[in-house]
Every structure is written in structure tokens, then in C-alpha cells.
Amino acid sequence: MLHSMSTSVEPVSDRSADEVNEEIRALWRRAGGTLSVEEREEYQRLVMEWAAAAPQPANAA
């Protein structure tokens with residue numbers, strides 16, 4: 001049985017990690033510390049965007 005791999009590419013963030021982090025903080029402030037289902041979905045999307053935009057640490061040799 002053959003399995004196909006997804007060929008879709010995740011969009012690269014045009015924003016810096018700091019900009020995305022500020023949006024995450026604003027989301028939490030607006031939510032008052034408790035996220036609704038829709039807000040959790042937005043939070044997850046923002047965290048993924050933040051991770052893509054964050055500088056990657058250099059590997060220790």
C-alpha cells in the first residue's frame with residue numbers, strides 16, 4: 001500500500017516572532033484569561049506562526 005505525502009507548503013510568516021507574540025498577548029488580554037473554542041483555535045494558529053517566525057537556536061556541536 002502506498003501512502004502519499006502532502007505537497008502543501010505552510011505559509012511563511014511575514015511578521016516577526018515579536019509581532020506575533022504581541023498578538024498572542026492581546027488575545028489573552030481580550031479573553032480575560034479564559035479562551036473560548038474559537039479563541040483557542042486562533043491561539044493555536046498564532047503559536048504555530050510564532051514558532052515559524054522565531055529564530056532557531058544553533059545546534060551545539
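This passage describes the fold of a predicted model, its helix pairing and several individual residues.

The protein has 61 residues, of which 18% count as buried. Its secondary structure consists of two helices and zero strands. Helix α1 covers residues 17-31, and helix α2 covers residues 37-53. Among contacts in the protein with a separation of 6 or more, 42% join residues 24 or more positions apart.

The two helices meet each other. The axes of α1 and α2 come within 8 Å and cross at roughly 160°. This angle is over 145 degrees, so α1 is roughly antiparallel to α2. The crossing of α1 past α2 is left-handed. On the α1 side, the contact is made by A17, V20, N21, E23, I24, L27, W28 and A31. On the α2 side, E39, E42, Y43, R45, L46, V47, E49, W50 and A53 take part. By residue class, the contact of α1 with α2 divides into 11 nonpolar, one polar and five charged residues.

A search of the whole structure finds one aromatic pair. The partners are W28 and Y43, with ring centres 5.6 Å apart. Their planes stand at 80°, so the pair is edge-to-face. The cut-off for that class is over 60 degrees. The pair links distant parts of the chain, with W28 in helix α1 and Y43 in helix α2, 15 residues apart. Both residues also belong to the contact between the helices. W28 has a relative accessible area of 32% and is therefore partly exposed. Y43 is at 29% relative accessibility, so Y43 also counts as partly exposed. The partly exposed range runs between 20% and 50%.

E23 is placed in helix α1. This residue is one of those in the contact with α2. At 26% relative accessibility, E23 counts as partly exposed. Leaving out residues up to four places away in sequence, E23 touches R15, E42, R45 and L46. Of these partners, E42, R45 and L46 are listed on the α2 side of the helix contact. E23 and W50 are 27 residues apart in sequence, and their C-alpha atoms are 9.8 Å apart in space.

T34 is found in the loop between α1 and α2. The relative accessibility of T34 is 59%, so this loop residue counts as exposed. Beyond its neighbours within four places in sequence, T34 is in contact with W28 and E39. W28 belongs to α1 and E39 to α2 in the helix contact. W28 is also a member of the aromatic pair.

D14 lies in the segment before α1. With a relative accessible area of 79%, D14 is exposed. The cut-off for exposed is over 50%. D14 and A53 are separated by 39 residues in sequence, yet their C-alpha atoms are 8.1 Å apart in space. A53 is one of the α2 residues in the contact with α1.

Terms used: Residues are numbered from 1 along each chain as its sequence is written. This is a predicted model: local features need pLDDT of at least 70, side-chain atom pairs count only at pLDDT 80 or more; totals for chains, interfaces and linings use all residues. Side-chain values use heavy atoms; hydrogens and water are left out. Helices (H or I, at least four residues) and strands (E, at least two) are DSSP runs, numbered from the N terminus. Buried means under 20% relative accessible area, exposed over 50%, partly exposed in between (1.4 Å probe, protein chains only). Rings of Phe, Tyr and Trp (its six-membered ring) pair if their centres lie within 6.5 Å; planes under 30 degrees apart count as stacked, over 60 as edge-to-face and the rest as tilted. Axes are lines fitted to C-alpha atoms, for helices over the stretch in contact, and angles run from 0 to 180 degrees between N-to-C directions. Angles under 35 degrees count as roughly parallel, over 145 as roughly antiparallel, 65 to 115 as roughly perpendicular and the rest as oblique. A crossing is left-handed if the near helix is turned anticlockwise from the far one by less than a right angle, and right-handed if clockwise. Contact means heavy atoms within 4.5 Å. Ala, Val, Leu, Ile, Met, Phe, Trp, Tyr, Cys and Pro count as nonpolar, Asp, Glu, Lys and Arg as charged, and the others, Gly among them, as polar.
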